[in-house]
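Got your viewer open? Then load the model, colour it by chain, and let's walk through it stop by stop.

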There are 2 protein chains.
Amino acid sequence: MKKTNFLIKTAETDNVAIVTSIEGIQEGSMLEDALISKEFIPMGHKIALNELPKNSPIIRYGQIIGYAAQHIQPGEWVHEGKMSLPRPPELKDIPFSSKLTAETPPLEGYTFQGYRNPDGSVGTKNVLGISTSVQCVAGLTQYVVKKIKEELLPSYPNVDDVVALNHTYGCGVAIDAPAAMVPIKTIQNIAANPNFGGEVMVIGLGCEKLRPERIMEPHPKKQPEKSSILYMQDPAFQGFQQMVDASLELAKQHLQRLNERKRETCPASELVVGMQCGGSDAFSGLTANPAAGFAADLIVRAGGRVMFSEVTEVRDAIHLLVPRASDASVAQALIDEMKWYDDYLLHGEADRSANTTPGNKKGGLSTIVEKALGSIAKSGTSPIVDVLSPGEKIRKKGLSFAATPAGDFVCGTLQLAAGMNVHLFMTGRGTPYGLSMVPVIKISSNTSLSQRWFDLIDLDAGQIASGDKTVEEMGWELFHLILEVASGRKKVAADVLGIHNDLVLFNPGPLT
Amino acid sequence: MKKTNFLIKTAETDNVAIVTSIEGIQEGSMLEDALISKEFIPMGHKIALNELPKNSPIIRYGQIIGYAAQHIQPGEWVHEGKMSLPRPPELKDIPFSSKLTAETPPLEGYTFQGYRNPDGSVGTKNVLGISTSVQCVAGLTQYVVKKIKEELLPSYPNVDDVVALNHTYGCGVAIDAPAAMVPIKTIQNIAANPNFGGEVMVIGLGCEKLRPERIMEPHPKKQPEKSSILYMQDPAFQGFQQMVDASLELAKQHLQRLNERKRETCPASELVVGMQCGGSDAFSGLTANPAAGFAADLIVRAGGRVMFSEVTEVRDAIHLLVPRASDASVAQALIDEMKWYDDYLLHGEADRSANTTPGNKKGGLSTIVEKALGSIAKSGTSPIVDVLSPGEKIRKKGLSFAATPAGDFVCGTLQLAAGMNVHLFMTGRGTPYGLSMVPVIKISSNTSLSQRWFDLIDLDAGQIASGDKTVEEMGWELFHLILEVASGRKKVAADVLGIHNDLVLFNPGPLT
């Protein structure tokens with residue numbers, strides 16, 4: 001990475017660079033190599049380093065992020081309006097020839113204080129999860145959660161929290177449609193997230209399509225006794241108050257068992273880290289995502305599990321990911337997930353270009369190609385050992401690609417289902433994202449944001465852009481922060497403020 | 001309706017009847033016309049009145065609800081396992097020849113105490129609505145709503161409530177896909193619901209695809225000044241607390257204006273009643289829905305607006321609705337909405353038979369045809385004067401069909417967007433459904449439920465099945481209850497308990 005006071009260029013062949021100064025660059029500024037800015041260019045945006053004839057490639061990260069839609073002079077602002085979008089890599093043209101990086105030495109001796117579960121997984125929080133089979137019961141669940149927090153939780157000091165796993169699936173949906181397995185698997189696997197310690201209870205209605213028993217089906221060992229499911233329509237209940245009382249009674253049994261969980265020293269190999277970014281800017285691919293990628297490599301070296309996601313944000317960089325697949329079947333699975341999503345978008349008369357947001361563009365990300373190249377930086381350099389379809393549980397140690405939409409809440413919900421116990425969230429524009437089930441470490445791509453949102457951001461990766469830290473230093477810092485957070489010694493910003501978002505299921509199937 | 005102590009037969013030509021006794025009918029019971037039950041038949045289920053040869057039609061409501069899948073003897077239980085589903089009415093074969101009922105005399109002199117709005121609409125509650133452009137802000141919105149309730153609301157005694165209009169749309173979606181207009185229109189029109197008095201404020205993030213300003217676009221008169229929108233990413237905010245403070249400051253301005261609203265006497269013609277059913281059973285079409293249909297006719301006669309919905313629950317009865325269209329264009333619009341939904345389901349590899357739930361079947365509703373025939377009873381006998389596409393605002397006085405999915409929360413959310421100020425919800429199996437924006441009157445189809453759920457049900461239409469009340473008497477009772485609730489003199493069960501469900505948007509477009 002070549003850096004002057006004002007510009008960052010990522011690869012030697014790049015013909016654009018990124019403006020780093022908060023104030024932007026004024027027209028007529030003298031820059032490196034006798035370059036003079038032809039106009040004002042805001043922070044995070046691109047400046048042309050060479051002359052770019054019409055239709056010539058615009059190169060960042062050493063990759064084509066678009067074509068010049070007009071003749072561009074050196075020193076001009078290269079923004080969305082001056083660029084055309086390249087076609088995405090043709091999936092059938094991507095050959096699989098493994099180009100794995102040399103094996104890195106294992107990383108040993110790093111530990112955190114976690115909650116060991118009977119099934120071998122390790123939690124980073126101790127939470128009573130109340131799963132639901134249908135939104136009809138949300139009123140009761142919310143009522144009950146409030147009461148448990150006020151009346152019961154103080155008596156169970158080892159339990160961190162109680163969380164309603166409300167969602168909008170379960171009825172009014174085509175439950176036998178092929179795509180229904182995505183939300184169903186998601187609900188089932190969220191109930192098995194390590195932070196719930198196998199003690200999820202279920203509140204159901206009675207007449208809904210998603211049977212409450214089904215939520216526990218794939219987890220025979222954790223399957224609660226029949227009595228761990230409460231049906232509002234149970235003829236035994238005379239009125240709402242009796243449903244509330246029975247819910248509290250049921251909660252007590254689970255709280256008692258959860259209260260016996262104790263943190264113990266666990267190797268870093270028990271980490272399951274989900275990574276995503278939201279509200280990205282042009283710095284994301286230079287600072288926060290590379291730092292996360294470095295930390296991801298450390299976790300993989302320590303024997304842990306890491307996943308990255310967001311199909312539309314890797315689609316344009318898929319030719320760079322396929323060669324990192326650990327074998328041909330993983331490579332094929334990667335391509336299959338891209339293909340599924342291409343078709344899904346096509347049916348909705350959209351394509352991956354629908355991904356970029358006004359904020360991305362304002363932050364300097366002109367095209368989805370540029371966004372994708374920055375996005376995959378978070379995957380580090382490790383081999384991709386497995387691909388998860390939406391809703392699936394993570395299987396292997398190492399780096400997995402969990403195929404999800406890129407929307408923050410849908411992606412987070414699917415990574416919860418995959419079993420993450422720590423969540424990394426990289427942001428440039430700033431989002432107050434938080435989950436109550438799993439700690440979310442929020443990493444800002446620029447210092448301006450982390451200063452302004454001092455109580456919402458956990459780590460400032462903008463220090464890389466200012467030259468105060470290297471990617472490696474920042475990556476190590478993040479790795480240590482992950483261990484602190486996983487141990488419960490450090491509370492993340494969202495948990496301090498108590499601001500959390502709801503689950504959002506991915507339901508590609510129809511409503512009825 | 002012919003009724004014995006144990007059975008209800010709806011039309012003269014019916015060859016099945018419904019068991020009304022809570023205990024069901026024991027094997028060998030002597031019934032009317034020398035009929036003897038051949039087996040135990042539960043409440044709500046069907047008994048064969050005649051011999052039904054294999055493949056012969058099974059008739060209820062004077063309509064074919066299925067075909068005998070085997071030879072059925074008189075006195076046998078006619079359940080799902082013994083029936084096959086007829087094909088839905090062919091849309092292209094439904095001719096439009098208006099068969100409107102004779103005009104009924106206008107109903108005059110009925111009033112309620114409502115809140116008149118500058119745009120001419122009338123509210124039944126006085127609520128501060130906080131709309132949101134994206135789920136990213138939900139954490140702040142929830143935090144702020146709690147604070148407003150605790151710290152501000154007591155100073156504004158005329159304001160009933162403050163409600164966060166959180167949803168899962170706004171980003172991570174293909175915002176320019178053709179189907180995106182459904183959720184966008186829904187969010188826009190909810191903000192214009194009469195219960196918010198044109199005083200909705202908006203919390204946005206800043207980088208999202210759904211621009212906060214767009215929420216107010218279609219309502220130029222109500223468009224709040226730019227200052228009524230708060231962006232979390234506003235560079236002026238240093239940290240979360242400043243965002244909270246600014247939200248409270250903004251809320252105060254709206255609360256002051258809302259606090260000046262006063263109830264005044266309004267004619268019943270200002271009612272906008274949304275009707276739906278959820279958790280239906282075989283009684284729904286005999287008791288609760290016909291009573292609602294009678295009340296709907298009264299509201300139409302009084303000059304008010306009523307809408308019914310749920311495409312998959314009218315699809316099989318569409319040949320009975322088309323002749324009720326007020327003109328050929330309304331008839332065509334009805335057919336077009338059916339066609340759109342047929343295609344939508346087909347793409348998801350489902351059809352309208354995916355609608356019926358385990359609870360419906362347990363409650364005696366064997367097929368979607370039987371369910372649909374009971375469902376449309378709520379539309380009464382008035383002409384259908386208009387058809388709304390999902391997310392549209394109601395336009396005309398009289399009875400409209402608002403095309404929506406049948407899922408309770410999606411349908412309710414779309415009826416809120418259509419502008420309802422009172423919601424009727426008919427249930428047989430029982431659901432605790434409630435909305436915080438508009439009062440929901442819950443009507444049980446059977447007395448067993450309303451006795452058991454004494455604090456969750458507002459009206460017992462089961463009294464029709466027991467013969468204690470006629471449909472007409474129950475319909476009038478409901479009409480008077482609607483006026484009481486609309487006037488704020490009577491609180492509905494869900495509001496007494498404070499249990500409410502979240503909005504659920506219908507987004508037929510893809511996520512990115």
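Leaving aside neighbours within four places in sequence, which residues is A:Leu334 in contact with? Select A:Leu334 and show A:Ile318, A:Leu321, A:Val322, A:Ala325, A:Ile384, A:Val387 and A:Phe401: those are its contacts once the neighbours within four places in sequence are set aside. Contact here means that the C-beta atoms of two residues, placed from the backbone, lie within 7 Å.

Before moving on, some housekeeping. This is a predicted model, in which local features need pLDDT of at least 70, side-chain atom pairs count only at pLDDT 80 or more, and totals for chains, interfaces and linings use all residues. Residues are numbered from 1 along each chain as its sequence is written, while chains are lettered from A and ligands numbered from 1 in the order in which they are written.

**The core**

Keep A:Leu334 selected and add B:Leu334. Of the 347 residues in the largest nonpolar core, these two touch the most other members. A nonpolar core is a set of buried Ala, Val, Leu, Ile, Met, Phe, Trp, Tyr and Cys residues joined through C-beta atoms within 7 Å. Buried means 20 or more other C-beta atoms within 10 Å of a residue's own, exposed means 12 or fewer, and partly exposed is in between, with C-beta atoms placed from the backbone.

**Two chains, one axis**

Now show both chains whole. Chain B superposes on chain A by a rotation of 180° with 0.0 Å of shift along its axis, at RMSD 0.0 Å (least squares on the C-alpha atoms of residues with pLDDT of at least 70 in both copies). The two copies are thus related as by a two-fold rotation axis.

Next, select the interface. Chain B puts 70 residues into the contact, and chain A puts in 70 residues. On the chain B side, the elements giving two or more residues are helix H1 (138–152), helix H7 (328–347), helix H8 (358–362) and helix H10 (408–418). Helices (H or I, at least four residues) and strands (E, at least two) are DSSP runs numbered from the N terminus. Colour that side by class and you get 36 nonpolar, 24 polar and ten charged residues. For that colouring, Ala, Val, Leu, Ile, Met, Phe, Trp, Tyr, Cys and Pro count as nonpolar, Asp, Glu, Lys and Arg as charged, and the others, Gly among them, as polar. The copies meet through the same surface, because 100% of the interface residues of chain B are also interface residues in chain A.

While you're on chain B, click B:Leu205, in the loop between strand E13 (201–204) and helix H3 (212–216). B:Leu205 is buried, with 27 other C-beta atoms within 10 Å. Its contacts beyond four places in sequence include A:Thr431 from chain A, along with B:Ser133, B:Tyr231 and B:Met232.

**Domains of chain A**

Hide chain B and colour chain A as domain 1 (2–84), domain 2 (127–260) and domain 3 (275–497); these bounds come from an automatic or database domain assignment. The C-alpha centres of domains 1 and 3 of chain A lie 26 Å apart. Where they meet, 17 residues of domain 1 are in contact with 16 residues of domain 3. Strand E6 (residues 63–68) gives the most to the domain 1 side, with three residues.

Just before E6, pick A:Tyr61, in the loop between strand E5 (57–60) and E6. Its phi is near 55°, a positive value in a residue other than glycine, and A:Tyr61 is buried, with 22 other C-beta atoms within 10 Å.

For another positive phi, jump to A:Glu310, at about 70° and also not a glycine. A:Glu310 sits in the loop between strand E17 (305–308) and helix H6 (318–321), and counts as buried with 29 C-beta neighbours inside 10 Å.

**Helix H1 and a strand**

Select helix H1 (residues 138–152) of chain A. Its 15 residues reach 20 Å from first C-alpha to last, close to the 21 Å expected at 1.5 Å a residue (1.5 Å times one less than the number of residues). Buried residues of H1(A) include A:Leu140, A:Val144 and A:Ile148. The buried residues pack against strand E11 (127–132), strand E12 (161–165), strand E13 (201–204) and helix H4 (240–259) of chain A.

Last stop: A:Ile229, in strand E14 (residues 229–231) of chain A. A:Ile229 is buried, with 20 other C-beta atoms within 10 Å. Not counting residues up to four places away in sequence, A:Ile229 touches A:Val202, A:Gly204, A:Pro212 and A:Glu213.
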